[in-house]
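Me: I have a chain to go through before I set anything up. Can you take me through it?

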Amino acid sequence: SNMLYAMIDYGRSLGVSTTVDPISYTTATLNAQTSQDSQTYIVVVESSATAPNQNEIVAGVDYNGNTVLFAENLQTTANTPFTSNFTGLSPNTEYTVYLVSEFDDGEGNLIFSNINSITFTTLANDNPVISTIDDIVVCEGDIITPVTFTVSDVYPGTALQIDVTSSNQNIILDSSFSVTNVSGDVELTYQIENGGFGQTTVSVT
């Protein structure tokens, strides 16, 4: 799995251990733990964005033309793991998480830690995979049967669109194709033009 680690050296021995895991196409989870009770502020931006300062992280809103995609503040307990779940991300995109914590310095004063940043990349949206489709020979008078094949796509975010075209419209018109897709099991029907003969290449994308 894609994991990133960091340690923060805060003024009065306030340490934070963090990981980002798991990471999917559109989500990621921050796992963290502080060594003291604190209020932790978190923002997520694309890694190309200008790094926010302490006040901008605490505010948790867009800053200086940079878009904050996720913001949260949590009351954390010393040495107790906590998580923050990021959703609505884009596939194959690099993001940076910025954290800053407010804690008691031991003398009754609330102070802020240094800023910690962690960078991670969401999974890429790979191309769908189409199973092999054998060549078909149709003679005059033959009954035309549907062509069946499978399409798989590990990325579940969007519905698959299947396009079919014929290289020779005198044999098969593009408009004659009909596609039925049930959970990746595809059935393709078509019609051969009256008097059509020869060869055509049918492209499925």
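Me: Start with the surface. How much area does the chain expose, and what share comes from carbon and sulfur atoms?
Reply: The model is predicted. The chain exposes about 12,000 Å² in it, with 45% of that supplied by carbon and sulfur atoms.

Me: And how much of the chain is buried?
Reply: Buried residues are 35% of the 205 in the chain.

Me: What about the overall dimensions, along the principal axes?
Reply: The C-alpha trace spans about 95 × 35 × 20 Å along those axes.

Me: What is the secondary structure of the chain?
Reply: One helix and 15 strands. The radius of gyration is 27 Å, well over the 17 Å from the globule rule for 205 residues, so the chain is more spread out than a compact globule.

Me: What share of the contacts is between residues 24 or more positions apart?
Reply: Such pairs make up 60% of the contacts with a separation of 6 or more.

Me: Now confidence. What is the average pLDDT?
Reply: The average is 88, and 92% of the residues score at least 70. Residues 1-11 have a pLDDT below 50, although this stretch has 37 contacts in the model beyond near neighbours in sequence.

Me: Why be careful with a stretch like that?
Reply: Because predicted coordinates should not be read in detail where pLDDT is low.

Me: OK, rings. How many aromatic pairs are there?
Reply: Four. One of them is Tyr41 with Phe112, a tilted pair at 6.4 Å centre to centre and 45° between the planes. Tyr41 sits in strand 4 (residues 38-46) and Phe112 in strand 8 (residues 110-112), so to speak of distant parts of the chain is fair: they are 71 residues apart.

Me: Is Tyr41 buried or exposed?
Reply: Tyr41 is buried, at 13% relative accessible area. Phe112, at 29%, counts as partly exposed.

Me: And how are the rings of Phe86 and Phe120 arranged?
Reply: Their centres are 6.3 Å apart and their planes are at 20°, which makes the pair stacked. This pair also joins distant parts of the chain, with Phe86 in strand 6 (residues 82-86) and Phe120 in strand 9 (residues 116-121), 34 residues apart.

Me: How accessible are Phe86 and Phe120?
Reply: Phe86 is buried with a relative accessible area of 1%, and Phe120 is buried at 1% as well.

Me: Which residues are in the cluster that ring pairs link?
Reply: Phe70, Phe86, Tyr95 and Phe120.

Me: Switching to backbone oddities. Which peptide bond is cis?
Reply: The one from Asp21 to Pro22, with omega near 0°. Pro22 is in strand 2 (residues 16-23).

Me: What is the phi of Asn79?
Reply: Positive, about 60°, although Asn79 is not a glycine. Asn79 lies in the loop between strand 5 and strand 6 and is exposed, with a relative accessible area of 51%.

Me: And Ser183, what is its phi and where does it lie?
Reply: Ser183 also has a positive phi, near 55°. It is in the loop between strand 13 (178-182) and strand 14 (185-189), and it is exposed at 77%.

Me: Last one, Gln75. Where is it?
Reply: Gln75 is in strand 5 (residues 70-76) and counts as exposed, at 71% relative accessibility.

Me: What is Gln75 in contact with?
Reply: Ser38 and Gln39, leaving aside neighbours within four places in sequence. From Gln75 to Ser175 is 60 Å, C-alpha to C-alpha, and 100 residues in sequence.

Key
Residues are numbered from 1 along each chain as its sequence is written. This is a predicted model: local features need pLDDT of at least 70, side-chain atom pairs count only at pLDDT 80 or more; totals for chains, interfaces and linings use all residues. Side-chain values use heavy atoms; hydrogens and water are left out. pLDDT is the predictor's confidence in each residue, from 0 to 100. Contact means heavy atoms within 4.5 Å. Rings of Phe, Tyr and Trp (its six-membered ring) pair if their centres lie within 6.5 Å; planes under 30 degrees apart count as stacked, over 60 as edge-to-face and the rest as tilted. Helices (H or I, at least four residues) and strands (E, at least two) are DSSP runs, numbered from the N terminus. Buried means under 20% relative accessible area, exposed over 50%, partly exposed in between (1.4 Å probe, protein chains only). The radius of gyration is taken over C-alpha atoms; the globule rule is 2.2 Å times the number of residues to the power 0.38. Accessible areas come from the Shrake-Rupley method with a 1.4 Å probe; for residues, only the protein chains shown count as cover.
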